[in-house]
Amino acid sequence: MSNDFDAIVIGAGHNGLTAAGYLGKAGLRTLVLERRHVVGGAAVTEEFHPGYRNSIASYVVSLLRPEVIRDLELHQHGYELIHLKGGLEICREDHLYLTGEEANDRAEFGRFSSSDYDAIKRFEAMLEETGTVIRNQWLREPPSLNGGLMDLLGMLKAGRDMHGLSVDLRHRLLQMFTSSAADIIDRWFESPMVRSMYASHCVSGNNASLYHPGSAIPFFHHALGEFDGEKGGWGLSKGGMGQITQAMASFARSKGVEIRTEAVVDKIVVEKGRATGVRLAGGEEISARAILSNADPKRTFLKLVDAEHLPAAFVEDISHLRMGHASLRMNLALNGLPELRDYPGTEMHPQHQSSIVIYPPMDVMEQNYHSAKAGHMPEEPRLDIVIPSTLDDSLAPDGHHVMSILCKYYPFEPADNQQWDDMRDRVADDIVNHLARYMPNIKSLIVGRQVLTPQDLERVFGLTEGDIFHGRHDLDQIFSLRPHPSAAKYRTPLKGLYLCGSGSHPGGAVSGAPGHNGAKRVIRDLRKRR
Ligand SMILES: Cc1cc2nc3c(=O)[nH]c(=O)nc-3n(C[C@H](O)[C@H](O)[C@H](O)COP(=O)(O)OP(=O)(O)OC[C@H]3O[C@@H](n4cnc5c(N)ncnc54)[C@H](O)[C@@H]3O)c2cc1C
């Protein structure tokens, strides 16, 4: 049978588009099939209320690999960076406004502790140095547990990076992976304000107890990116996150890639033990030499492939992957600028243009995790906020604003058989009431809102169990174990089927790394098969 394409990518999330860009650049005839009406997956800009556009899911950038930006010519295709003006950290009556300038930050932390500023600088330097080892692995295939010479070489490379660290830093690196966030925080910081701030950083990337070994891994997520060359920096994409994926799609098309939206892949077609194509929901079949799935591992292996084509133990393992991020996402359309409790007045302050995080003390965040696990809502949630329209006038009418809020922890399945559809508005009202403690006029400004519960994240974006990362970043679900030892190198147990999404190494966030790595694997394999 002749193949319609060299490669089919299931899903036009940013990783699917990244993979398609590299495949197209390598001269492979590539088709991308996206179930939604728009490309981008969790990196999209949409009009969520008439006249108001926003990044409705992911909203800040840091981990997008510079190599991907360069190779896919994203700036030439419309990706523009916007710098946030520091960070406002609010814990009940206290707040910190951090700009990265020593005089400011030392004075801010000095209000809570005489030693924490210096401890933070030492901690950040440690993260930066140890993090180099991790950063170096991002665009490499992780070594396979059952591999050969190349895998040994891969391990040696990782070992060599580690060897470059001092003994103390090797110790610190291993601690970061094996200790709990609470232990790390306890080891480094003194004041309750700073301890809660760091706990809150972990909560943003985790769905785990702060006392769980491995719960400190998100520290790396926060520290290892870079924005416009600034290590550890976070910022915005002008026009929203959708501008990044539009740029990726534009690059891919310029390399001959075909992208179809509203094209739901129903099944991966298997012939003689090999994935040979896909069948769309309408029945159309399209063949290709390689199939790449940008969908998460559970969706890929438990829904798109019939179980008979995969080893039973593998299917069993995949069905037990831990998913779920317990995040609720809200977008607000505002007819004016919210007033900040800590910076009163109606004029714009730099704090409006910063990343704003509102969190309870560490013990309450821990309690919130356990409550959500039992299906209950938090009384005092952690809110991660940006008001991108204060820096980008393309999103809302003049003088109006849009606000992104990521709220944690919210259960995927509420307790006592309660249904999200019955409680969405009530829970959202509670969140807005909570927010009003810190932004006193917020309620009077809201002209529209979009509330995406964890179940909505699954329904809208296809994220199984609402997992924003396609699977938790737990110790046993990263690197050579992500999502499974037999699928960690982007190849899967089904010949011809590859992974290219966040469920693969190095995991979730808008990085482009799994898409890059998956595509490189396919390009090498197809060249061999020619
Ligand atoms: C609410 C939220 C907030 C976040 N905030 C941030 C942030 O601020 N910064 C950050 O770096 N990261 C953030 N993340 C994480 C990050 O956005 C994701 O990890 C990342 O975008 C996932 O990219 P992906 O390409 O791997 O998968 P996805 O974006 O999930 O793309 C997969 C695509 O496959 C499609 N698909 C699935 N099944 C099929 C099928 N059968 N047929 C056709 N198409 C299919 C889906 O529709 C989707 O478009 C956030 C995520 C969410 C949900």
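Reader: How close do the axes of helix H11 and helix H12 come, and at what angle do they cross?

Author: In this predicted model, the axes of H11 (residues 297–304) and H12 (residues 312–319) come within 9 Å. They cross at roughly 135°.

Reader: Why are H11 and H12 called oblique to each other?

Author: Set the angle against the cut-offs. The crossing is at roughly 135°. Over 145 degrees counts as roughly antiparallel, and 65 to 115 as roughly perpendicular. H11 and H12 are therefore oblique. Their crossing is left-handed.

Reader: Which residues of H11 and H12 meet?

Author: H11 brings Pro297, Lys298, Phe301 and Leu302. H12 answers with Phe314, Val315, Ile318 and Ser319. By class, this contact has six nonpolar residues, one polar and one charged. Lys counts as charged and Ser as polar.

Reader: What makes H3 and H4 oblique?

Author: The axes of H3 (residues 102–110) and H4 (residues 116–137) cross at roughly 125°. They come within 8 Å. The roughly perpendicular range is 65 to 115 degrees, and roughly antiparallel is over 145. H3 and H4 are therefore oblique to each other.

Reader: Which residues make the contact of H3 with H4, and how do they divide by class?

Author: Glu102, Asp105, Arg106 and Phe109 in H3 meet Tyr117, Asp118 and Ile120 in H4. The residues divide into three nonpolar, no polar and four charged. Tyr counts as nonpolar here.

Reader: What makes the pairing of Asn15 with the ligand a polar contact?

Author: The cut-off is a pair of N or O atoms within 3.5 Å. An N or O atom in the side chain of Asn15 is 2.8 Å from an oxygen atom of the ligand. That pair qualifies as a polar contact.

Reader: Which backbone atoms lie 3.1 Å and 2.9 Å from an oxygen atom of the ligand?

Author: For Tyr59, a backbone N or O atom lies 3.1 Å from a ligand oxygen. For Val510, the distance from a backbone N or O atom to a ligand oxygen is 2.9 Å. Around the ligand there are 33 residues, and Glu34, Ala42, Val60, Ile468 and Ser502 come nearest.

Reader: Where are Pro483 and Pro506, and what is omega at the cis peptide bonds?

Author: Pro483 is in the loop between helix H16 (454–461) and strand S20 (497–499). The cis bond from Arg482 to Pro483 has omega near -10°. Pro506 lies in the loop between S20 and helix H17 (513–529). Omega is about 0° at the cis bond joining His505 and Pro506.

Terms used: Residues are numbered from 1 along each chain as its sequence is written. This is a predicted model: local features need pLDDT of at least 70, side-chain atom pairs count only at pLDDT 80 or more; totals for chains, interfaces and linings use all residues. Side-chain values use heavy atoms; hydrogens and water are left out. Axes are lines fitted to C-alpha atoms, for helices over the stretch in contact, and angles run from 0 to 180 degrees between N-to-C directions. Helices (H or I, at least four residues) and strands (E, at least two) are DSSP runs, numbered from the N terminus. Angles under 35 degrees count as roughly parallel, over 145 as roughly antiparallel, 65 to 115 as roughly perpendicular and the rest as oblique. A crossing is left-handed if the near helix is turned anticlockwise from the far one by less than a right angle, and right-handed if clockwise. Contact means heavy atoms within 4.5 Å. A residue is near a molecule or strand if one of its heavy atoms lies within 4 Å of it. A polar contact is a pair of N or O atoms within 3.5 Å; within protein, one must be able to donate a hydrogen and the other to accept it, and residues adjacent in sequence count only if both atoms are side-chain atoms.
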